[in-house]
Amino acid sequence: MENYVVIDLGSNSVRLRITNIADDGTLTVTHQLKEYVRLSENMGQEKTLKQEPIKRTLQALKSFKDIYSKLENPNVNAIATAAVRQAANQKDFLDLVKKKLDLEFNVITGEREAYLDFLGVTKTLPVKNCLIMDTGGASTELILAKNGQVQNLISLPFGSVTISAAHHLDDKISARHLFDAMTSVEKELTNVDWLTEAHKIPLICLGGSNRTLAKIARRREFQAANLPELHGYRLPSDKAFEIVGDLIDMDKKQRESVPGLAKSRADVVVGGLTPLVLILRTCHIDEILFSNHGLREGSLFEYLENKKQLS
């Protein structure tokens, strides 16, 4: 028996997923936890991780370690993405985590993050040709899959936290600030030449802001006691546009009361959904398919495949 532990340290949240791997190969997810740490908060143009976000992150990591250290045969894979990847003081932060918690992070590239997303999605949803979009706190990954294989992938340097901070989308949103945000993101997207191949292709979305859109849509359509699974949930683009428009009209306090929207995301959700809106328009996509599986599951699937090849 083995416990495969994935710690996913992003820009907005840190997540723990533990899967028990039985001797007969049976997989059982025993823990799925998330803490909002906003590690990328106030990084600024100098791209330095600040003291308070680091403190919150260390506290969350300690609570995770208190859990997995008590398990039998824990195999820990700690992955850091955009915030740590971009940080000028990356080494100091990683040294601190090692010193305080004896935990070593693997800082992965955006392309590596995109590939793990691809594995997590395509091994859990029946898709072969699709565009996968993962909007995180400080990066957005796009993967074009054809015949079940990666054809193109890219990691773009913007996400829910960075877009919201740069364009003042955290509270009451002005038309000018929204226009500037959409123009900035659109410039980055139009530089991705292969996006023309994603015209009217199925779109699969993951990441905190995108999943929040699904959660809001489910609460609008279904009773709270009868919500469908998020993984595999489908949403027409017109309904997505309607929800985003409603969120834009609200201030932060009003967004905090929206069913399905966590209060901790009320100040970044509009910025986080801006790339999705532009992808829907640019690629003329009429429906979104949501995935609850991505990097963490992709890491597990890759580990199992490597283990199988070695046996």
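R296 sits in helix 11, which covers residues 295–310. The model you are looking at is a predicted one, and this arginine is a good place to start exploring. Is R296 buried or exposed? Its relative accessibility is 9%, so R296 counts as buried, given that the cut-off for buried is under 20%.

What does R296 touch once its neighbours within four places in sequence are left aside? Its contacts are V6, D8, R15, R17 and R211. With one of these, D8, the side chain of R296 also makes a polar contact of 2.6 Å.

Now let us move to strand 6, made up of residues 130–135. Six of its six residues are buried, so the strand is largely enclosed by the rest of the structure. Its side chains point in two directions: C130, I132 and D134 go one way, while L131, M133 and T135 go the other way. Residues on either side are buried.

Which strands pair with strand 6? The table sets out its pairing with strand 7 and with strand 9.

| Partner of strand 6 | Residues | Sense | Bridges | A bridge pair |
|---|---|---|---|---|
| Strand 7 | 140–146 | antiparallel | six | I132 with I143 |
| Strand 9 | 203–206 | parallel | four | M133 with C205 |

Strand 6 and strand 7 also form a hairpin, with four residues between them. To follow these pairings on the model, you can begin at I132, whose bridge partner in strand 7 is I143, and then step to M133, whose bridge partner in strand 9 is C205.

Note on methods:
Residues are numbered from 1 along each chain as its sequence is written. This is a predicted model: local features need pLDDT of at least 70, side-chain atom pairs count only at pLDDT 80 or more; totals for chains, interfaces and linings use all residues. Side-chain values use heavy atoms; hydrogens and water are left out. Buried means under 20% relative accessible area, exposed over 50%, partly exposed in between (1.4 Å probe, protein chains only). Two strands pair if DSSP finds at least two bridges between them. A polar contact is a pair of N or O atoms within 3.5 Å; within protein, one must be able to donate a hydrogen and the other to accept it, and residues adjacent in sequence count only if both atoms are side-chain atoms. Contact means heavy atoms within 4.5 Å.
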